[in-house]
Amino acid sequence: MKRFDAIKEWLSSTFAITGHTAEWVRLGIYLVGLVVAWVILVAIARKIITSVAVKIAAKTETIWDDAMIRNGVFNNVAYLLPAILMDLSSGLILEDFTKAQHRVNLLINAYLIGVFISLFSAFLNSVKEVLYTRESLRDKPINSYIQVSKIVIYFVGGILIISELMGKNPLYFLGAMGAASAVLLLIFKDTILGFVASIQLSANDMVRRGDWVTMDKYGADGDVIEINLATIKVQNFDLTITTIPTYAFISDSFKNWRGMQESEGRRVKRAIKINKNSVKFCTPEMLEKFRKIDLIQPYIDKKQMELAAHNEKSVVHKELPINGLSLTNIGVFRKYLELYLKSNSKLNTRMDTMVRHLPPTETGLPLEIYAFSKEKKWENYEDVVADIFDHVLAAVSFFDLSVFQNPSGADFQGLAAKAIAGEKAISSNKTIE
């Protein structure tokens, strides 16, 4: 016995529609009714499910329900329930239309698969959000694994939707894709490389979210803000974003500053070049002047006593400072800098702190400061380094030393002016004579 004959009779009596036309109009009314019912059920389900979920989440301390609300898990459930009801009721409503019923069922089944895919994707986003809240996992490439899981879900779901719509066994499509594996490998080359690279980066702890990395090849110098399956995003210090292929961190070289950030200090390794012509033995007058510098007075007194005792025993011609042991202005200056660095409260003196000579060059004698700043943040670190070298450059002249720098145009002008003044003086003397 066929149902819903009242609609057929209504069409015949009101619009005089009979025969096959009436059947088609009736089918259209049923389909429109299904769509309208689906829309109404979705709206009701979303209102009820989301409001209940929000109330329950507000009363619990767990962050899982909050994450699922933000990522739309319960919204997807709201889309799922009406579709299940439509699938169960379509057989009753479309009982008179066998072919239409079959096709509608196929569409509903494909839609259900799509909703399940969206539901699992939203759930994976919630899992990622929750895992990133844990301190131990915050620096791990979780996003890469989530993306791989999504690719698998989309791939399987896509095959199921196509097989459902075409009425084929899913294994049929898997076999066809197996034959096209070479093409698939070419298409998903970057994805496969990125996945393998993500595993290696994680296993070897090479890079984490939040690490400061420098990669000159890609112009990257900043913090890692995101590790994805195919790319890693680096926010540079000028706030630009550099996107680097994930596998490039395996195939190319890069500098990770994490070791410095986790240590007790950031290294200061910088040199000034001393004019070699200004290096000399210290005279008694120079030592007397240096003794007025509080930091090195004890050092000079102690060193003079040691040198005097040594020279008394082994030196014959004491009038020449080159005989025996003598202090030099650059040696005293180097000791002064060591004491200055060790007295600087912004440096970590528990780590290596020294002032050393580098090999002399044609541009002077490099005097390098090697120390570690307690300040590791970039701008604070630069302030510490600048303060140190401001003092160093200002202190050089107190030790009768000079810093080497290439002559500028002003230097040549000064020399020319002196030469002209000298010539004029000579000329005036000759005129007087």
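**Notes on the sheet and the hairpin**

1. Let's start with a helix: α15, residues 378–395, lies across β6 and β8 and runs at about 30° to β6. Keep in mind that you're looking at a predicted model.

2. So what do those strands belong to? β6 and β8 are part of an open sheet of three strands, paired antiparallel, in the order β6-β8-β7. If you trace the edges, you'll land on β6 (266–274) and β7 (354–357); each has a single partner strand, so one side of each has no neighbour in the sheet. From one strand to the next, the twist averages 20°.

3. Now zoom in on one pairing. β7 and β8 (residues 365–373) are joined in the antiparallel sense over four bridges. Want a residue pair to look for? Arg356 has Glu368 in β8 as its bridge partner. Helix α14, residues 329–342, also packs on this sheet: it touches β6, β7 and β8, and its direction makes about 155° with that of β7.

4. Over to another pair of strands. β3 (residues 231–236) pairs with β4 in the antiparallel sense, over five bridges. Here you can look for Lys233, whose bridge partner in β4 is Thr243. The two strands, β3 and β4, make a hairpin with four residues between them. Check Leu239 in that turn: it has a positive phi of about 70°.

5. Which side chains of β4 (residues 241–245) are buried? Follow how they alternate along the strand. Thr242 and Ile244 point to one face and are buried, whereas Ile241, Thr243 and Pro245 point to the other and are not. Thr243, then, is both the bridge partner of Lys233 and one of the β4 residues that are not buried.

Methods: Residues numbered from 1 in each chain as written. Predicted model: local features only at pLDDT ≥ 70, side-chain atom pairs only at ≥ 80, totals over all residues. Heavy atoms only, no water. Pairing = 2+ DSSP bridges. Axes fitted to C-alpha atoms, helices over the stretch in contact; angles between N-to-C directions. Contact = heavy atoms within 4.5 Å. Buried < 20%, exposed > 50% of the residue type's maximum accessible area, 1.4 Å probe, protein only.
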